[in-house]
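User: I want the reasoning behind the labels, not just the labels. Can we go through them one at a time?

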Amino acid sequence: MTTIDRPIVANVESATFADSKLGKAAIEGLKFAALMFCLSIPILLLRIESDIDHKPYLFTRWSWPLWAALVGFVVRFVALAASGEAHKVKAPAWVMPESVARYLPIAGLIFLLLYPMIALALVGKAGSIKWIDNFGIQVLIYIMLGWGLNIVVGLAGLLDLGYVAFYAVGAYSYALLATVVIPNYAPWLTPWAFWVCLPLAGLLAALWGIILGLPVLRLRGDYLAIVTLAFGEIIRLVLINWTDVTKGYAGISGIPRPSFFGLPFNASDKGFAATFGLEFTPLHRTIFLFYVILALALLTNWVSMRLRRLPVGRAWEALREDEIACRSLGINTTNTKLTAFAIGASFAGMAGSFFAARQNFISPESFTFNESAVILAAVVLGGMGSQLGVAIAAFAMVGGTEILRELDWLKAIFGNTFDPTQYRMLIFGFSMVALMIWKPRGLIATREPSLFLKTRKSISGSFVKEGHG
């Protein structure tokens with residue numbers, strides 16, 4: 001009996017530890033560490049450098065994936081050990097307090113209005129150009145694009161993977177109109193080229209949105225995503241191969257920059273600085289472009305919020321929840337889809353027009369599928385249907401990439417060959433996975449309904465089909 005009882009007791013003790021919360025957390029942590037180690041091998045372990053003769057050679061850094069595995073184990077173990085359930089980490093439902101939802105957008109707007117002055121005060125004229133242009137303007141462009149795509153994806157529930165095509169249509173429309181049409185047929189409009197072409201670029205992009213919407217009216221979900229992805233690639237291939245018009249990979253240069261209602265931002269006697277008696281500096285144009293894109297982004301937000309409360313906006317939401325029920329209510333789903341595609345595309349076209357005017361040069365390389373993926377990720381991660389969530393996600397994704405360029409001090413820790421920007425996609429992917437685990441419905445999964453009875457209340461995203469709130 002004695003020889004039989006001993007192994008039984010040992011088995012019971014080991015099984016008890018394995019079934020405990022810490023044991024399960026440790027096992028899951030080891031699994032996660034092994035996965036992190038395997039995924040880190042092609043990214044962190046291997047590195048290609050060139051010698052004096054410019055011949056590539058490969059060297060390994062085993063400490064990097066080992067550190068990644070250790071960090072993964074600690075994070076996973078702590079997360080599971082601190083939670084009440086080791087196999088499933090579920091964040092409790094959270095509804096944004098009404099005071100925060102009311103005052104956060106106002107605080108953000110005040111910050112954006114004062115942002116150029118804050119940058120000037122902190123880093124001076126020389127350093128502020130980089131922060132206003134590369135950071136502020138770039139983020140606002142993607143916020144505007146995210147709000148435009150939010151109409152199609154967040155409100156109407158139509159998965160669009162080719163949104164960058166309308167962005168490209170707007171950019172090339174402005175470039176061709178401002179460099180070919182206006183100088184040859186209406187030269188008196190040259191100082192006003194941007195303001196004349198901005199709405200035209202939006203209308204042309206809306207037209208292409210209708211052209212895309214007509215053949216895909218019966219498609220939904222994955223099939224619609226495939227068609228819109230193909231449409232985006234078709235537009236990009238046309239831009240590459242139609243060299244007589246688009247100049248292919250060479251791109252279009254010399255695109256006129258926006259003027260201050262006819263006053264150019266140059267050092268001439270008729271320029272902006274001379275007219276107002278100021279010393280000429282390129283900072284004037286940068287600050288002006290910042291406020292122009294801020295106004296365009298706010299216009300996009302205002303139109304989206306107004307349309308949401310109109311019958312067409314309620315029709316979008318009905319289409320998103322259940323297309324069959326939407327038809328049974330007598331809603332014309334054809335017109336509903338077309339309006340969503342057209343309005344969303346028009347905002348992308350205006351953003352593309354601004355991008356071309358800001359860059360002074362465009363090429364097909366600026367309108368790849370990666371741009372569509374970033375914009376769609378901002379909509380999904382921010383919370384589909386949430387204007388504030390999309391803005392926060394776009395700020396984190398685009399602004400975070402720019403901030404990585406300022407982390408040169410990390411070279412003192414990881415060596416002079418360390419470049420933080422090379423790992424932006426790794427950080428971006430890890431952030432997406434973490435967010436989908438803890439906030440599967442996006443950063444802000446609540447919103448106030450378009451129509452309400454007596455009192456306005458925020459609704460959790462868990463109560464609706466698509467999770468928009």
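Analyst: What follows is a set of labels from a predicted model, each checked against its cut-off.

User: Why is Ser304 called buried?

Analyst: Its relative accessible area is 2%. Buried means under 20%, so Ser304 qualifies. The residue sits in helix H10 (residues 283–309).

User: What makes the link between Ser304 and Thr300 a polar contact?

Analyst: The side chain of Ser304 reaches the backbone oxygen of Thr300 at 2.8 Å. The cut-off is 3.5 Å, so the distance fits.

User: Why is the pairing of Arg358 and Asp133 called a salt bridge?

Analyst: The N to O distance is 2.9 Å. The limit is 4 Å, so the pair passes. Arg358 lies in helix H13 (residues 333–359) and Asp133 in helix H4, so the bridge ties together parts 225 residues apart in sequence.

User: Is Arg358 buried or exposed, and how do you know?

Analyst: Buried. Its relative accessibility is 8%, and the cut-off is under 20%.

User: What makes Glu323, Arg327 and Lys337 a network?

Analyst: Salt bridges link them. Glu323 meets Arg327 at 3.1 Å and Lys337 at 3.3 Å. Both distances are within 4 Å, so both pairs count.

User: Why do Glu323 and Arg327 get different burial labels?

Analyst: Glu323 has a relative accessible area of 14%, under the 20% cut-off, so it is buried. Arg327 is at 46%. That falls between 20% and 50%, so Arg327 is partly exposed.

Key. Residues numbered from 1 in each chain as written. Predicted model: local features only at pLDDT ≥ 70, side-chain atom pairs only at ≥ 80, totals over all residues. Heavy atoms only, no water. Helix = DSSP H or I, 4+ residues; strand = E, 2+ residues; numbered from the N terminus. Buried < 20%, exposed > 50% of the residue type's maximum accessible area, 1.4 Å probe, protein only. Polar contact = N/O pair within 3.5 Å; in protein donor to acceptor, adjacent residues only side chain to side chain. Salt bridge = Lys/Arg side-chain N within 4 Å of Asp/Glu carboxyl O.
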